[in-house]
Amino acid sequence: MGLRFFYSYSIAMIRAFSLVCLTLGLGLPAQAAFQDSAATLPVEVQEAPTRGFSQGQFLPDVELPRIDGKGTIRLRDLMGDFEKPGKKLLLIHFASW
Amino acid sequence: MPVWHAATKELRESGELTVIGIVQEQHPERAKLFAQWQGFDWPILWDAFNLLDLSAVPIVCAVDEYGQVRSTRLRPNQIDEPGGLRAVLLDPAFEPPKFVAPPESLLHQGLAKVVGDPAPGTPLATLQSLAFFVYGSRAEGDLSASFERGVNSLRAWAARPEALPADLFRLGVALRLRYDSPYAQESDFQESLDAWSQALAGNPSQYIWRRRIQQWGPRLDKPYPFYNWVDQAVQEVTARGEVPVALRVPLTGSERAARKGSKSADAAAVEPDPEAEIPRDESGWLAVSAAVAPHSGDIGKGAGKAAAAARVHLSLTPSAEASVHWTNDAGASVVWLDAPAGWRVEPALHELVPAGASATSSEVRRLDFGVVRVPDAGGEAASGPAVLRGYVLAYLCSGEDGECSYLRREFEVELPTSPNK
């Protein structure tokens, strides 16, 4: 946990520094620093994750009604977060025809 | 899906796995009957508007505890095999994602949150309309104004020059929902088919949209029977001592039909009133309206190569203004169809059996049938405008103790003449 915190904190600091440098017209050195760091990141890290149902994507945040009339389910509520993982899920898209 | 249901039974019961279904079809109660028949005990969601932007079903997604899709290529018979559900999803301990989730699109973000009365054609009005159709209205009583506002808003959104094919598809879904409601307007069904056809022309690889047209389309265009399982489901559910889920919208012949070749088996049909001797319905006791579902292969690019065919859906409505009703004890209604040159109708003669056991009734009666272009002796298919003519022979009465007649009501249906109708 501590290692992950340090890791996230480092990335945030690099980004903040990069933003400040860009604002001050110092883009190139700051970008180079960020890219050096990014090159060492684990491959699983996604900087700009997309939403959808293809492998690697994250569930979209859509709320849909149940066909049995028992309210709605919001897909995002099925997802966990840093503190509390959700449940492993099999999502079956189908039609009765 | 029954195989996935069986394959994951122990995993669901042990709490190791959550299963959720999402159906991509117009009528949720049909999926509900299917789930009852198959004994599905997991939640199933309804996405008639395809808000999830899927282009085909079935798709089975293994999703980890942080919401990331880990696989879409699993097989139900390989749960414990290498590369199966256990290896791909259940056994690994995944790390939480190391990012802040990006903001959602306006559609996903705001669907249920719009209040007030935004102008039609605006994003907010579109969201408000979709929310009405997806979640229903909190208001009770007459919802005709809500349906009207919802359809008009989606129509305005889909009419923008920069509109997407998905906007047209969703307009079609809303129109069909209104057609199946007490607030139906005569043109709703045809307009929904037209909107879906335009959407498919803009994105021919969208198979969920294509299926929506084929559901009501000609038999030549059926990839498989859509709802031929319903009778068996009702019988088996009833035999189990359960009450089967009632279908709010009756199935049409097209929805039950299997794919069929172009050969006709209707040569023996005899026209019931060839000399027009039965009195015509001069008072407008019976209204006849039609919607024509095209062959999806006739839509968009490549049209003209596919077999030209269509499915015609007729609605026969006794005049409420004149308190007209069917007199079922007098006999069945009959519909005769006279195909124009270059077309064949399948079949030409239809008998509409009274829907209930009561002596009289005033329901809307529906009939659907296929029409197929046929080549002439030289092998050339017909082209240009074509009109199918037909008539209904029906026993009708006006008022409780009023006049009763056996009447002939004639009608015409314009058949598709170009790829997009």
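## Exercises on a two-chain model

Among the contacts in chain B between residues at least 6 apart in sequence, 68% join residues at least 24 apart; a contact means heavy atoms within 4.5 Å. The model is predicted, so local features need pLDDT of at least 70 and side-chain atom pairs count only at pLDDT 80 or more, while totals for chains, interfaces and linings use all residues. Residues are numbered from 1 along each chain as its sequence is written, chains are lettered from A and ligands numbered from 1 in the order in which they are written, and side-chain values use heavy atoms, with hydrogens and water left out.

### Exercise 1: the two chains

Task: state how many helices and strands chain A and chain B have, and what percentage of the residues in each chain is buried.

Solution.
1. Helices (H or I, at least four residues) and strands (E, at least two) are DSSP runs, numbered from the N terminus. Chain A has two helices and three strands, and from the N terminus on its elements run α-α-β-β-β.
2. Chain B has 12 helices and 14 strands.
3. Buried stands for under 20% relative accessible area, exposed for over 50%, and partly exposed for values in between, with a 1.4 Å probe and protein chains only. Of the 97 residues in chain A, 36% are buried; of the 421 residues in chain B, 50% are buried.
4. In chain A, residues 24 or more positions apart account for 22% of the contacts with a separation of 6 or more.

### Exercise 2: a helix pair

Task: give the relative direction of helices H8 and H9 of chain B, the handedness of their crossing and the classes of the residues in contact.

Solution.
1. H8(B) spans residues 165–179 and H9(B) residues 188–202; their axes come within 8 Å and cross at roughly 160 degrees. Axes are lines fitted to C-alpha atoms, for helices over the stretch in contact, and angles run from 0 to 180 degrees between N-to-C directions.
2. H8(B) is therefore roughly antiparallel to H9(B). The bins are under 35 degrees for roughly parallel, over 145 for roughly antiparallel, 65 to 115 for roughly perpendicular, and oblique for the rest.
3. The crossing is left-handed, a term for a near helix turned anticlockwise from the far one by less than a right angle, clockwise being right-handed.
4. On the H8(B) side, the contact residues include Leu168(B), Phe169(B), Leu175(B) and Arg176(B); on the H9(B) side, they include Phe189(B), Glu191(B), Ala195(B) and Trp196(B).
5. By class, the contact has 11 nonpolar, four polar and four charged residues. Ala, Val, Leu, Ile, Met, Phe, Trp, Tyr, Cys and Pro count as nonpolar, Asp, Glu, Lys and Arg as charged, and the others, Gly among them, as polar.

### Exercise 3: the loop between S2 and S3

Task: describe the backbone and the burial of Asn50(B) and Asp53(B), and the peptide bond that joins Val57(B) and Pro58(B).

Solution.
1. Most residues other than glycine have a negative phi, and most peptide bonds are trans.
2. Asn50(B), in the loop between S2 and S3 of chain B, has a positive phi of about 55 degrees although it is not a glycine. Asn50(B) is buried, at 3% relative accessible area.
3. Asp53(B) lies in the loop between S2 and S3 of chain B, with a positive phi near 60 degrees. Asp53(B) counts as exposed because its relative accessibility is 53%.
4. The bond between Val57(B) and Pro58(B) is cis, with omega about 0 degrees; Pro58(B) is found in the loop between S2 and S3 of chain B.

### Exercise 4: Leu54(B) and Ile208(B)

Task: which residues does Leu54(B) touch, not counting those up to four places away in sequence, and how far apart are the C-alpha atoms of Leu54(B) and Ile208(B)?

Solution.
1. Leu54(B) is found in the loop between strand S2 (44–46) and strand S3 (59–63) of chain B and is buried, at 5% relative accessible area.
2. Leu54(B) touches Phe53(A), His93(A), Gln24(B), Ile59(B), Gln206(B) and Ile208(B).
3. Leu54(B) and Ile208(B) are 154 residues apart along the chain, with 7.6 Å between their C-alpha atoms.
4. As a second pair, Glu13(B) and Ile208(B) are 195 residues apart in sequence and 32 Å apart in space, C-alpha to C-alpha. Glu13(B) lies in helix H2 (residues 9–13) of chain B and is exposed, at 57%.

### Exercise 5: the disulfide

Task: which cysteines form a disulfide, and how far apart are their sulfur atoms?

Solution.
1. A disulfide is a covalent bond between the sulfur atoms of two cysteines. The criterion is a pair of cysteine sulfur atoms within 2.5 Å, and the count comes to one over all chains.
2. The pair is Cys397(B) and Cys404(B), with sulfur atoms 1.8 Å apart.
3. With 110 degrees about the S-S bond, this link is right-handed.
4. Cys397(B) counts as buried because its relative accessibility is 4%.
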